[in-house]
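Biologist: Could you take me through one part of this model at close range? I would love to hear how the sheet in chain A is put together and what packs on it.

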Amino acid sequence: MLRISQLRKVFANGTGVEMTALDNISLEVRTGDFITVIGSNGAGKSTLLNVIAGVYDVDEGEIWIDGVNVTNQPEYRRAHLIGRVFQDPMIGTAASMTIEENLAMAMKRCSPLRLAPGVTPQDRSRFRELLAVLGLGLEDRLQEPVGLLSGGQRQALTLLMATISNPKLLLLDEHTAALDPKTGEMIGELTNKIVKNRELTVLMVTHDLRQALEFGNRTIMMDQGQIILDLRDPERAAMTVDDLLDQFEAVRGKRLLDDRVLLV
Amino acid sequence: MLLSALIGTLEQGLVYGIMALGVYITYRILHFADLTVDGSFPLGAAVAARFIADGGSPLMGTVLAMAAGMLAGLTTGFLNTKLKISGLLSGILTMTALYSVNLRIMGRANIPLLRKPTLVSWFGERGMAPWVLFLITLVLIKLLLDLFLKTEVGFAIRATGDNEQMIRSCGVNTDGMKLVGLGLANCLVALSGALVAQYQGFADVGMGVGTVVAGLASVIAGQALVRFPGLGWATTGVIIGSLIYRGAIFAALRLGLAPTDLKLITAVLVVVALSGPVWSSSVAKFGGGKRRATNIPAA
């Protein structure tokens with residue numbers, strides 16, 4: 001599904017203050033894998049997702065999605081393969097546009113733009129069904145601007161938008177971290193539900209080690225631009241947060257210490 | 001006397017309303033402060049006037065003017081998206097270059113169109129006042145624009161102005177959308193310029209000065225007065241704003257102000273309108289109130 005080989009990404013190259021964000025990363029993701037990605041600040045987790053999505057060019061290495069070499073494709077060219085949800089709930093939606101308009105743009109990501117009406121009555125009934133699944137009452141507010149929604153509602157909508165066209169790959173970048181705990185949990189449950197229903201392939205970055213073990217079937221740990229641990233079920237299923245921390249220490253010879261890493 | 005002056009004001013409000021709709025597209029929808037307008041407005045006038053003065057058909061001259069305006073907008077878009085020059089500077093560069101281009105097109109600083117057939121005279125021969133022509137054109141453009149903004153391409157342009165990252169992750173080439181928006185906007189601005197030249201009976205190389213500020217004044221006034229949600233109301237607001245702006249100019253002249261002072265007055269009006277939130281929040285603070293200027297998402 002997703003094959004990354006010997007990827008290197010250096011920021012501020014040639015300035016004397018180079019920062020190697022990705023250092024020779026290789027990763028093979030199979031269809032249906034749900035991988036959680038953990039690691040301290042600056043480990044390269046978000047950079048990895050951004051490089052896969054095409055926000056940044058890579059310096060070396062290749063990225064293949066579903067048999068297509070996308071390494072040099074600009075972001076918008078590979079967008080039909082990828083759904084994304086960001087940490088900031090404001091990033092995933094256009095605030096001045098209505099719920100149905102946002103959903104319509106997300107749904108048509110695979111087809112070229114036309115001069116046809118952006119939302120048809122058929123679209124509308126489909127949106128209603130999809131929104132009803134969220135259980136937030138948004139199905140009755142199709143024509144309201146997204147700017148009127150709360151952060152949690154916007155994130156739920158973004159999640160729906162990211163998955164509406166059944167992308168080959170779903171990239172979640174700490175998508176529950178900016179929400180209050182209860183809303184974050186709701187979005188987490190929703191994520192599991194949608195991913196299971198559609199059998200999506202997922203990469204999810206999280207700072208919450210418990211969440212990292214609870215979600216998905218595989219966990220990778222990053223440090224200083226490298227993948228230092230790759231844990232799969234069933235081995236992973238038996239692990240606790242403490243086991244994770246011990247594993248990190250065994251590999252790197254230091255504790256995984258970071259004020260943003262949640263241990264419980 | 002007063003009646004004919006009022007009709008003249010109405011006609012100006014309508015014909016400049018087309019330009020204001022162009023400014024609305026760049027300023028409100030794309031969030032792009034496009035100064036190309038000060039050059040593309042006289043460009044439209046220059047192309048139409050030259051073509052008509054050389055014996056061409058006024059309709060064809062007007063269509064050519066629109067095409068020229070679109071090219072001007074695309075130039076600004078090219079500078080901004082491909083050469084990575086800031087939006088504001090891209091517009092200024094195109095506007096400055098257009099001053100020379102317009103003089104080249106006209107061959108001199110002023111082309112009179114007296115006794116030449118124009119769209120305005122064509123309507124006049126059929127017993128219709130210029131405002132009929134302007135009203136039909138403006139309403140047609142407004143309705144087409146409303147429809148366009150509800151298409152898939154329209155969605156993509158609006159989203160490009162609202163949240164570039166989001167719409168890129170939906171597979172849209174945002175550079176392309178900026179080009180479409182700027183081209184379309186300046187096409188309307190040039191149409192407005194072409195009609196104004198035919199209406200006032202001449203094209204002048206200096207007629208573009210302050211166009212963008214007048215357009216902004218119309219857009220802002222319309223937005224302040226028409227507060228219903230929805231795009232159809234927003235474009236209606238721009239038209240009403242344009243009429244009100246021309247009305248205000250008319251009133252200022254009646255009060256004895258010199259026509260040469262109008263640009264200063266317009267600029268002050270726009271400053272007052274744009275700084276409204278700052279004033280109301282500092283007034284509230286001074287009064288010990290808790291009201292604050294809030295960021296309301298653009299309709």
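Modeller: Happy to; here is a walk through the sheet of chain A, strand by strand, and then the helices that lie across it. Please keep in mind that this is a predicted model.

Let's begin with the strand order. The sheet is open and built from 6 strands, which follow one another as S6-S7-S8-S3-S9-S10 in chain A, with mixed pairing. At its edges sit strand S6 (82–85) and strand S10 (226–232) of chain A, each of which pairs on one side only. Averaged over the sheet, and with direction ignored, neighbouring strands are turned by 20° against each other. As general background, the strands of a sheet pair through backbone hydrogen bonds, in either a parallel or an antiparallel way.

Now for one pairing within that order. Strand S3 (residues 34–39) of chain A runs parallel to strand S8 (residues 202–205) of chain A, and 4 bridges join the two. One residue pair to look at here is A:Phe34, which stands opposite A:Val202 in S8(A).

Next come the helices. Helix H1 (residues 45–53) of chain A lies across S3, S6, strand S7 (169–173), S8 and strand S9 (218–223) of chain A. Relative to S7(A), helix H1 of chain A runs at about 145°. Helix H8 (residues 241–252) of chain A lies across S9 and S10 of chain A, and its direction makes an angle of about 140° with S10(A). Strand S9 of chain A thus has helix H1 of chain A lying across it, and helix H8 of chain A as well. The edge strand S10 of chain A is also among the strands that helix H8 of chain A lies across.

Key:
Residues numbered from 1 in each chain as written. Chains lettered and ligands numbered in written order. Predicted model: local features only at pLDDT ≥ 70, side-chain atom pairs only at ≥ 80, totals over all residues. Pairing = 2+ DSSP bridges. Axes fitted to C-alpha atoms, helices over the stretch in contact; angles between N-to-C directions. Contact = placed C-beta atoms within 7 Å.
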